[in-house]
Amino acid sequence: MQSNVLIALGSNIKPRLGHLKNAVAAFKENEAIKVVATSPIYETVPKGYLDQEDFLNMVVHIQTDLSAADLLAFCQSIEQDQKRVRTIKNGPRTIDVDILLLDEKVIDTTDLQVPHPRMHERAFVLCPAADIVGQWQVPHLNKTVSTLRDALPQVEKDDVRIAGLSLEY
């Protein structure tokens, strides 16, 4: 059975747009995945560790019959292919690929938490998500993506702006 999944992508190591394009291409090339929609690309100031470049962020709505574990492994393979290195928490990265929502399931394992545990606090996730799946319900919170975005403090939303970039080559 096909699941509807929301994936977050982020990059702040050059070429930022190239890393996003490569990640979306990897999803499109996987025969077990159908890319349904991609959000606009946003530019975001970093959170947590501040001594780094701004991020490009977007979300992708996919449909897949992969298990959650297999989808997580695929997302991690995209990060490995783009040489993601984890040295500083919330630090610079070539690409970050996170599973945000998987249908209305709640998954809580050592390796995967869905819904993503901090998505409701993050304008860089909620703004692009609301553009394409605003009416999706977020389990546990029983609120839509758009409602969660609208409830964010204005200072959070001010740190996120549409970048005016396209995935088209």
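This is a guided tour of the structure, moving from the whole chain to single residues.

What you have open is a predicted model, in which local features need pLDDT of at least 70 and side-chain atom pairs count only at pLDDT 80 or more, while totals for chains, interfaces and linings use all residues. Residues are numbered from 1 along each chain as its sequence is written, and side-chain values use heavy atoms, with hydrogens and water left out.

**The whole chain**

Begin with the full protein shown as a ribbon, where five helices and 10 strands can be found; helices (H or I, at least four residues) and strands (E, at least two) are DSSP runs, numbered from the N terminus. The C-alpha trace spans about 40 × 35 × 35 Å along its principal axes. The radius of gyration, taken over C-alpha atoms, is 15 Å, which agrees with the value near 15 Å for a compact globule of 169 residues, the globule rule being 2.2 Å times the number of residues to the power 0.38. Of the 169 residues, 48% count as buried, where buried means under 20% relative accessible area, exposed over 50%, and partly exposed in between (1.4 Å probe, protein chains only).

**Helix 3**

Next, select residues 123–133, which make up helix 3 and of which nine out of 11 are buried. Among the buried residues of this helix are Phe-124, Val-125, Leu-126 and Cys-127.

**The cis prolines and a pocket**

Now select Lys-14 and Pro-15, whose peptide bond is cis, with omega near 0°; Pro-15 sits in the loop between strand 1 (3–11) and helix 1 (16–29). Another cis peptide bond joins Val-114 and Pro-115, with omega about -5°, and Pro-115 belongs to the loop between strand 7 and helix 3.

Keep Pro-115 selected and add His-116, Pro-117, Pro-139 and His-140, for these lie nearest the centre of the second largest pocket, which has 14 lining residues. A pocket here is an open set of points, on a 1 Å grid over the protein atoms alone, where a 1.4 Å probe fits, with protein on both sides within 12 Å along at least five of seven lines, and lining residues have an atom within 4 Å of a point. The lining divides into nine nonpolar, four polar and one charged residue; Ala, Val, Leu, Ile, Met, Phe, Trp, Tyr, Cys and Pro count as nonpolar, Asp, Glu, Lys and Arg as charged, and the others, Gly among them, as polar.

**Salt bridges**

Turn then to the side chains, where a search of the whole structure finds six salt bridges, each being a side-chain nitrogen of Lys or Arg within 4 Å of a carboxyl oxygen of Asp or Glu. Select Lys-47 and Asp-159, which meet in such a bridge at 2.6 Å, N to O, and which link distant parts of the chain, 112 residues apart. Adding Glu-156 to the selection shows a network of salt bridges that links Lys-47, Glu-156 and Asp-159. Move on to Arg-93 and Asp-96, whose closest N and O atoms are 3.1 Å apart in their salt bridge; both of these residues are buried.

**Two positive phi angles**

Finish with Asp-103, which has a positive phi of about 50° although it is not a glycine, and which is partly exposed, with a relative accessible area of 22%. Asn-142, also not a glycine, has a positive phi of about 50°, and this residue is exposed, with a relative accessible area of 63%.
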